[in-house]
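User: Hi! I am new to protein structures and would like to learn how to read one, feature by feature. Could you walk me through this example?

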Amino acid sequence: MSLLAPKNSNYMRLLLNSFVICFCFFSSSIYGEKIYNKYSVSVSGIKIGELIWVVEISDTNYINEVTLKSRGLLSSIYHFKGEYYSEGEVEKNVLKPIKYKHFWKTKKITKNMELLFENGTPTLLTQEPTEKEYLRVNIFDIKNYKDPLTSFLQIILGEESSMVVDGRRIYTMNAIKDDKTSNVIVNILNYSNLWADHKRTKFEKLSFEKKDGDMFPYKMNIYFDERVFKLDKN
């Protein structure tokens, strides 16, 4: 079964690193609250993981914590765990990142990465293991960028687009809402790898839906390499 191929660790890592399975919905009524949500992750109808998202936001600060673990029939063979975290300031409903970090582990690899920001510009990037390639995009000169978790939250708060840097790549998220349905499509544009000499990506887009009166999506889809990764709220 193709899900067991080693390259799928890259699929899941890209999904997490690119924030694509890290979603929640905010409104002014939840400021000051701590919110917990759980989603099942599946591909081709087969459950492969479980995502837990904890968000805390106030008038001045926010914290996001995401944990993804392998679950289901394949978990004994294809085992993975991801931990993602972002924090920053809130100024006039604008989210300004200060720190973003992620941890990813499978049976074969363990990776850590941390990004620090100041006024929308990365000031420090650390990785373990250290990347052997040279940095092909000088992220320390870019302006008005945010980590993937913060960027998606900002779009949920009403922005139509947000520029993203996640330690491996930069891109722009552009949101389009279908006025006839509750579906929101977020296209991935202006994609560039930081550590490779190409701009090719198989990450196409993502979408989410929410029910009337709900603050959080009940369904999310990630379109990657002609596959659809589905997240359903438990």
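Analyst: Happy to! Please keep in mind that this is a predicted model. Let us begin with a single residue, S162. Setting aside neighbours within four places in sequence, S162 touches K146, S151, I155, Y171, T172 and M173. S162 itself sits in strand 9.

User: Is S162 buried or exposed?

Analyst: S162 counts as buried, because its relative accessibility is 8%, and the cut-off for buried is under 20%. One of its contacts is worth a second look: the side chains of S162 and S151 are joined by a polar contact of 3.0 Å. You can also look at the C-alpha atoms of S162 and T150, which are 9.1 Å apart, although the two residues are separated by twelve residues along the chain.

User: S151 and T150 came up there. Which residues are buried in helix 2?

Analyst: The buried residues are P148, L149, T150, S151, F152, L153, Q154, I155 and I156. That is nine of the nine residues of helix 2 (residues 148–156), so the helix is largely enclosed by the rest of the structure.

User: How do I read the two ends of that helix?

Analyst: Look at the residues beside it. At the N-terminal end, D147 acts as a cap, with a side-chain oxygen 3.0 Å from the backbone nitrogen of L149. After helix 2 comes G158, which has a positive phi, near 135°.

User: How should I read aromatic pairs, and how many are there in the whole structure?

Analyst: The general idea is that a pair of aromatic rings is described by the distance of the centres and the angle of the planes. In this case, a search of the whole structure turns up five aromatic pairs. One of them is the edge-to-face pair of F152 and F208, with 5.5 Å from centre to centre and 70° between the planes. This pair connects distant parts of the chain, since F152 is in helix 2 and F208 is in strand 12 (residues 203–209), 56 residues apart. Both rings belong to buried residues: F152 has a relative accessible area of 0%, and F208 has one of 5%.

User: What kind of pair do Y78 and F80 form?

Analyst: Theirs is a tilted pair, with centres 5.1 Å apart and 50° between the planes. Y78 and F80 are both buried. Together with W104, they make up one aromatic cluster.

User: Let us turn to charges. How many salt bridges does the structure hold?

Analyst: As a general idea, side chains of opposite charge can pair when their charged atoms come close. Here there are five salt bridges. Among them is the one between R168 and E131, whose closest N and O atoms are 2.8 Å apart. R168 is in the loop between strand 9 (161–165) and strand 10 (169–177), while E131 is in the loop between strand 7 (121–128) and strand 8 (145–146), so this bridge ties together parts that lie 37 residues apart in sequence. R168 is partly exposed at 25% relative accessible area, and E131 is partly exposed at 23%.

User: Which other salt bridges can I look at?

Analyst: Try R136 and E133, where the closest N and O atoms are 3.1 Å apart. R136 is partly exposed, with 30% relative accessibility, and E133 is partly exposed too, with 39%. Another bridge joins D166 to R169, with 2.7 Å between the closest N and O atoms. Here D166 and R169 are both buried.

User: What is the overall picture of the chain?

Analyst: The secondary structure consists of two helices and 14 strands. Of the 234 residues in the chain, 47% are buried. The chain exposes about 11700 Å², and carbon and sulfur atoms supply 48% of that area.

User: And where should I be careful?

Analyst: Where pLDDT is low, the predicted coordinates should not be read in detail. In this chain the average pLDDT is 84, and 85% of the residues score at least 70. Over residues 1–7, however, pLDDT stays under 50, and residues 18–29 also stay under 50.

Terms used. Residues are numbered from 1 along each chain as its sequence is written. This is a predicted model: local features need pLDDT of at least 70, side-chain atom pairs count only at pLDDT 80 or more; totals for chains, interfaces and linings use all residues. Side-chain values use heavy atoms; hydrogens and water are left out. A salt bridge is a side-chain nitrogen of Lys or Arg within 4 Å of a carboxyl oxygen of Asp or Glu. Helices (H or I, at least four residues) and strands (E, at least two) are DSSP runs, numbered from the N terminus. Buried means under 20% relative accessible area, exposed over 50%, partly exposed in between (1.4 Å probe, protein chains only). pLDDT is the predictor's confidence in each residue, from 0 to 100. Contact means heavy atoms within 4.5 Å. A polar contact is a pair of N or O atoms within 3.5 Å; within protein, one must be able to donate a hydrogen and the other to accept it, and residues adjacent in sequence count only if both atoms are side-chain atoms. Accessible areas come from the Shrake-Rupley method with a 1.4 Å probe; for residues, only the protein chains shown count as cover. Rings of Phe, Tyr and Trp (its six-membered ring) pair if their centres lie within 6.5 Å; planes under 30 degrees apart count as stacked, over 60 as edge-to-face and the rest as tilted.
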